[in-house]
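User: I'd love a close look at one part of this protein, the central sheet, and at what sits around it. Could you walk me through it in one go?

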Amino acid sequence: MHQPLVAISTDVRQFDNYTWHAAPQQYIEAALSGAGVFPLLVPSFGDRLDFDELLSSVDGVMVTGSKSNVHPSLYGGDASEANGPYDPARDSTTLPLIRKAIERGVPLLAICRGIQELNVALGGTLGTEIQEREGSLDHRAPVSDNQDERFAIHQTISIKPGSCLAGVFGAGDIKVNSLHRQGIDRLGSKLQVEAVAGDGTVEAVSVKDARAFAVGVQWHPEYWVKSDSNSAKIFRAFGDAVRLHAAAKAGARAAAE
């Protein structure tokens, strides 16, 4: 089976006396089994990387979740230790990669930290400790050593009628596993809201007039992609967009020969 290449973001971590550029297996597995693509991890070396060359070689981009947060200096926020941890090497890579992918019409799926990077990349801002806002739900994961309990599907969100995701899930309410203490504050230019939680927190966005699938979700579809139908649907939609992009590139090459 043909597996088009999809670029996947990486975190920079210190482990066992080495610096690692890595991504959690759940995202890689979801890309492979849920979207049917070949996951290609992109090291976080910022402007040392030729993003145009990368995007000429892949047919999609997936920006993963992470424990780290986008550095507040990138959107005029409070760069205190309380709003960390941070990963500036990742920021210097994902933000320009997101902008380039949108510009070139390469399908994009941004998850958790990824939706926040997408918002900042397009000029938006983030709110911190959103559970402390008046009237806000507590969107944080429950305290547990059991990952299945932490990532349990429990929160209801509403999909906007006529939105991109309405074409994936149908309009109306679905349940998701949204786990975060930061969220979108001011929406970035070129973005539109796709879904909200009961307290109005933005849970999904898409890029207006995008040339290809370009969606960010605040929840974690990668965790239950093999057992939850809605989690599977978002990866299937992304995979279909990636294959469509790959076919279009192949057709353009054939026409040029």
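Analyst: Val196 stands opposite Val202 in β12, and Leu191 stands opposite Val207 in that strand. Both pairs belong to the match between β11 (residues 191-197) and β12 (residues 202-207), which run antiparallel and are joined by five bridges. This is a predicted model, so please read each value below as computed from predicted coordinates.

β11 and β12 make a hairpin with four residues between the strands, and there Gly200 takes a positive phi near 90°. β11 also has a partner in β8 (residues 155-159): the two are antiparallel, with three bridges between them. In that pairing, Ile157 stands opposite Ala197 in β11. How much of β11 is covered? Five of its seven residues are buried, so the strand is mostly covered, where buried means under 20% relative accessible area.

Now for the whole sheet. It is open, has nine strands and mixed pairing, and its order is β4-β1-β5-β6-β13-β12-β11-β8-β9. The edges are held by β4 (38-41) and β9 (172-176); each has a single partner strand, so one side of each is left without a neighbour in the sheet. On average, neighbouring strands are turned by 25° against each other, direction ignored. As a reminder, strands of a sheet pair through backbone hydrogen bonds, and they can do so in parallel or antiparallel fashion.

Next, the helices that lie across these strands. α3 lies across β5, β6 and β12, and runs at about 140° to β5. α4 lies across β5, β6, β11, β12 and β13 (214-217), at about 115° to β6. With nine of its nine residues buried, α4 is largely enclosed by the rest of the structure. The buried residues include Arg113, Gln116, Glu117 and Asn119, along with Ile115, Leu118 and Val120.

Both sides of α4 in the sequence have a backbone feature to look at. Before the helix, Cys112 lies in the loop between β6 (108-111) and α4. Its phi is near 55°, a positive value in a residue other than glycine. Cys112 counts as buried because its relative accessibility is 8%. After the helix comes Gly123, whose phi is positive too, near 90°.

α3 (88-104) is preceded by a loop of its own, the one that starts after β5 (61-63), and Pro85 has its place there. The peptide bond from Gly84 to Pro85 is cis, with omega near 0°. A link to another helix comes through Asp52, which lies in α2 (residues 51-57). Asp52 touches Lys100 and Arg104, leaving aside residues up to four places away in sequence. Asp52 and Thr94 are 42 residues apart in sequence, and their C-alpha atoms are 13 Å apart in space. At 31% relative accessibility, Asp52 counts as partly exposed.

Another strand pair is worth a stop. β2 and β3 are antiparallel, paired over five bridges, and Arg13 stands opposite Trp20 in β3. They form a hairpin with two residues between them, and Asp16 in the turn has a positive phi of about 55°. Asn17 also lies in the loop between β2 and β3 (18-22), and although it is not a glycine, its phi is positive, about 65°. Is Asn17 buried or exposed? Its relative accessibility is 81%, so Asn17 counts as exposed, whereas Cys112, with its positive phi, counts as buried at 8%.

That brings us to the largest pocket, where several of these elements turn up again. β2 (11-15) and α4 (113-121) each supply at least two residues of its lining, as do α1 (25-34) and α5 (147-150). The volume of this pocket is about 820 Å³. Its lining has 32 residues, and Ser66, Lys67, Arg150, Phe151 and His220 lie nearest the centre. By class, twelve lining residues are nonpolar, twelve are polar and eight are charged.

To retrace the route in your viewer, you could start at the β11 and β12 hairpin with Gly200, go on to α4 lying across the strands, β11 and β12 among them, and finish at the largest pocket, to whose lining α4 contributes.

Conventions: Residues numbered from 1 in each chain as written. Predicted model: local features only at pLDDT ≥ 70, side-chain atom pairs only at ≥ 80, totals over all residues. Heavy atoms only, no water. 1 Å grid on protein atoms, 1.4 Å probe; cavity = no way out; pocket = protein on both sides within 12 Å on 5 of 7 lines; lining within 4 Å. Points joined across faces, edges and corners; volume = space filled by probe spheres on them. Nonpolar A, V, L, I, M, F, W, Y, C, P; charged D, E, K, R; others polar. Buried < 20%, exposed > 50% of the residue type's maximum accessible area, 1.4 Å probe, protein only. Pairing = 2+ DSSP bridges. Axes fitted to C-alpha atoms, helices over the stretch in contact; angles between N-to-C directions. Contact = heavy atoms within 4.5 Å.
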